[in-house]
Amino acid sequence: MTLSDICHVCGMKPDSSIPSLEYHKMYFHFCSQQCRDTFNAHPSLYSVKIEKQQKHILKRRIMTLATPLDQDSNELLKTNLTEMMGIKDVSIEDNKVSISYDLLQVTRQQIENRLAEIGIKLGNDWMERLRRAWVHDSEENELDNLAAPIHYYHRPAPKH
Ligand SMILES: [Zn+2]
């Protein structure tokens with residue numbers, strides 16, 4: 001079965017250097033490793049055709065940094081985050097980073113992983129850690145819940 005030449009997570013053009021994934025005997029192609037990981041985490045959510053019904057689950061969250069950043073680090077953080085798929089908006093004030101993103105394309109966990117990669121530390125008192133754990137759980141649950149029933153809604157049309 002041939003699939004459209006779009007990344008099924010974000011709708012962009014796939015990058016041929018990213019390995020395809022097989023799911024239910026169909027091959028899916030991706031624009032980025034991030035989209036591939038996102039698909040792999042909840043394939044049933046993304047395996048339906050998205051051209052007609054691209055969905056978004058927009059989140060706006062505040063992340064607290066360990067300390068306010070200097071100008072250069074602020075720029076580094078902004079550039080790195082806006083490069084990620086699904087991130088709509090980043091604004092930084094003092095040690096608070098406000099981020100809007102599409103949960104169907106990027107999770108808070110992926111955002112935090114990227115920050116760790118570039119060496120930006122998040123606030124680490126117990127309240128912050130608790131809040132983060134809660135956000136991770138609730139995002140996971142939200143995606144799991146979406147992934148579960150979607151087969152019913154997107155059952156292939158009966159053959160004529
Ligand atoms: Zn993509």
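This short talk walks through a sheet and a core in one predicted model.

Let's start with the sheet. Three strands form it, and the sheet is open. The order is S3-S5-S4, and the pairing is antiparallel. S3 and S4 are the edge strands, each pairing on one side only. From one strand to the next, the twist averages 15 degrees.

Now take S5 with its partners. Begin with S3, residues 58–64. S3 and S5 are antiparallel, with 7 bridges. Look at Thr64 for an example: its bridge partner in S5 is Lys96.

Next, S4, residues 87–93. S4 is joined to S5 by 6 bridges, again antiparallel. Two pairs are worth finding on your screen. Ile92 stands opposite Val97 in S5. Asp89 stands opposite Ser100 in S5.

What links S4 and S5? They form a hairpin with 2 residues between the strands. Pause at Asp94 in this hairpin. Asp94 has a positive phi, near 55 degrees.

Now turn S5 over and compare its faces. Which residues of S5 lie on the covered face? They are Val97, Ile99 and Tyr101. The uncovered face carries Lys96, Ser98, Ser100 and Asp102. Put the pairs back in. Lys96, the partner of Thr64, is on the uncovered face. So is Ser100, the residue opposite Asp89. Val97, opposite Ile92, is on the covered face.

A helix also meets this sheet. H3 packs on it and touches S4 and S5. The direction of H3 makes about 165 degrees with that of S4.

That brings us to the core. How many residues are in the largest nonpolar core? It has 21. Val9, Cys35 and Ile99 have the most contacts inside it. We have met Ile99 already, on the covered face of S5.

Which elements give two or more residues to this core? Helix H1 (33–41), helix H3 (71–83), S4 and S5 do. The largest share, 3 residues, comes from S5. The core also draws on both domains: at least three residues come from each of domain 1 (1–54) and domain 2 (58–136).

Last stop, Val9. Set aside its neighbours within four places in sequence. What is Val9 in contact with then? The list is Phe30, Cys35, Thr38, Phe39, Tyr46 and Gln105. Notice Cys35 there. Cys35 is another of the residues with the most contacts inside the core.

To recap: S5 pairs with S3 over 7 bridges, pairs with S4 over 6, and gives the core its largest share.

Methods:
Residues are numbered from 1 along each chain as its sequence is written. This is a predicted model: local features need pLDDT of at least 70, side-chain atom pairs count only at pLDDT 80 or more; totals for chains, interfaces and linings use all residues. A residue is buried if 20 or more other C-beta atoms lie within 10 Å of its own, exposed if 12 or fewer, and partly exposed in between; C-beta atoms are placed from the backbone. Helices (H or I, at least four residues) and strands (E, at least two) are DSSP runs, numbered from the N terminus. Two strands pair if DSSP finds at least two bridges between them. A nonpolar core is a set of buried Ala, Val, Leu, Ile, Met, Phe, Trp, Tyr and Cys residues joined through C-beta atoms within 7 Å. Domain bounds come from an automatic or database domain assignment. Two residues are in contact if their C-beta atoms, placed from the backbone, lie within 7 Å. Axes are lines fitted to C-alpha atoms, for helices over the stretch in contact, and angles run from 0 to 180 degrees between N-to-C directions.
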